[in-house]
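Please look over the chain and its two bound molecules as they are shown here, and then follow the account below from the overall form to the local surroundings.

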Amino acid sequence: MSSEGSLPAYYEIPPGGAIPEPGSSLKYKTGSWRVLRPVINQDKCVRCRLCWVYCPDAAILELDEEYVTSKGRRYKITYKVNYDYCKGCGVCARECPVNAIEMVPEPIGGEE
Ligand code: SF4
Ligand code: SF4
């Protein structure tokens with residue numbers, strides 16, 4: 001500590017704007033910033049992958065989960081939103097070519 005008491009000395013302050021270790025962003029779950037959340041309609045989704053490509057936060061997950069639509073179409077993959085990191089920007093909903101993603105108000109208090 002510095003001679004000023006509780007204030008740290010300059011060399012004790014972590015460098016600003018620097019990422020001291022790789023992958024550290026995983027620790028910061030930024031989904032709590034969201035006011036709108038994307039909800040994927042799995043029946044409408046045609047598995048084009050555009051939401052996965054465009055999401056600026058890599059918050060769209062491409063999962064090896066089979067899904068059969070109400071009309072009987074079978075898909076081998078499923079796209080889901082990782083709400084731990086999704087910030088609700090709406091890019092995925094904007095880019096989805098079949099309007100399979102709806103932005104809905106975030107439930108008060110988080111997950112429902
Ligand atoms: S709302 Fe934004 S951050 Fe969330 S999944 Fe869609 S593109 Fe990614
Ligand atoms: S952009 Fe729309 S149709 Fe394409 S994978 Fe995402 S949700 Fe499905």
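In this predicted model, buried residues account for 30% of the 112 residues of the chain. The overall dimensions can be read beside that figure: the radius of gyration of the chain is 20 Å, where a compact globule of 112 residues would have one near 13 Å. Along its principal axes, the C-alpha trace extends over about 75 × 30 × 20 Å.

The secondary structure consists of 2 helices and 6 strands, and a reader who follows the sequence meets them in the order β-α-β-β-β-β-α-β. Towards the end of that pattern, the loop between α2 (91-95) and β6 (101-105) holds Asn99. Is Asn99 buried or exposed? Its relative accessible area is 55%, and because exposed residues are those over 50%, Asn99 counts as exposed. Although Asn99 and Lys44 are 55 residues apart along the chain, their C-alpha atoms are separated by 7.7 Å.

From the surface the account turns to the interior. Rolling a probe the size of a water molecule over the atoms shows where empty space is left. In this model the search gives 1 cavity of 30 Å³ or more, and the volume of the largest cavity is about 90 Å³. Its lining is made up of 14 residues, and those that lie nearest the centre of the cavity are Cys45, Cys48, Cys51, Cys96 and Ile101. By class, the lining comprises 12 nonpolar and 2 charged residues, with no polar ones.

What sits in the largest cavity? The occupant is ligand 2, and the residues around ligand 2 include Cys45, Cys48, Cys51, Cys96 and Ile101, the residues named above as lying nearest the centre of the cavity. The shell around ligand 2 also takes in Ile40, Val46, Arg47, Arg49, Tyr79, Pro97 and Val98. Sorted by class, this shell has 10 nonpolar residues, 2 charged residues and no polar residues.

The surroundings of ligand 1 can be described in a similar way. Among the residues around ligand 1 are the cysteines Cys55, Cys86, Cys89 and Cys92, together with Pro38, Pro56 and Ile60. Lys87, Gly88, Gly90 and Val91 also belong to this shell, which divides into 8 nonpolar, 2 polar and 1 charged residues. The shell around ligand 1 thus has 2 polar residues, whereas the shell around ligand 2 has no polar residues.

Methods. Residues are numbered from 1 along each chain as its sequence is written. Chains are lettered from A and ligands numbered from 1 in the order in which they are written. This is a predicted model: local features need pLDDT of at least 70, side-chain atom pairs count only at pLDDT 80 or more; totals for chains, interfaces and linings use all residues. Side-chain values use heavy atoms; hydrogens and water are left out. On a 1 Å grid over the protein atoms alone, a cavity is a set of points where a 1.4 Å probe fits but cannot get out, and a pocket is an open set with protein on both sides within 12 Å along at least five of seven lines; lining residues have an atom within 4 Å of a point. Grid points are joined across faces, edges and corners, and a volume is the space filled by probe spheres set on the points. Ala, Val, Leu, Ile, Met, Phe, Trp, Tyr, Cys and Pro count as nonpolar, Asp, Glu, Lys and Arg as charged, and the others, Gly among them, as polar. A residue is near a molecule or strand if one of its heavy atoms lies within 4 Å of it. A molecule sits in a cavity or pocket if more than half of its atoms lie within 2 Å of its grid points. Helices (H or I, at least four residues) and strands (E, at least two) are DSSP runs, numbered from the N terminus. The radius of gyration is taken over C-alpha atoms; the globule rule is 2.2 Å times the number of residues to the power 0.38. Buried means under 20% relative accessible area, exposed over 50%, partly exposed in between (1.4 Å probe, protein chains only).
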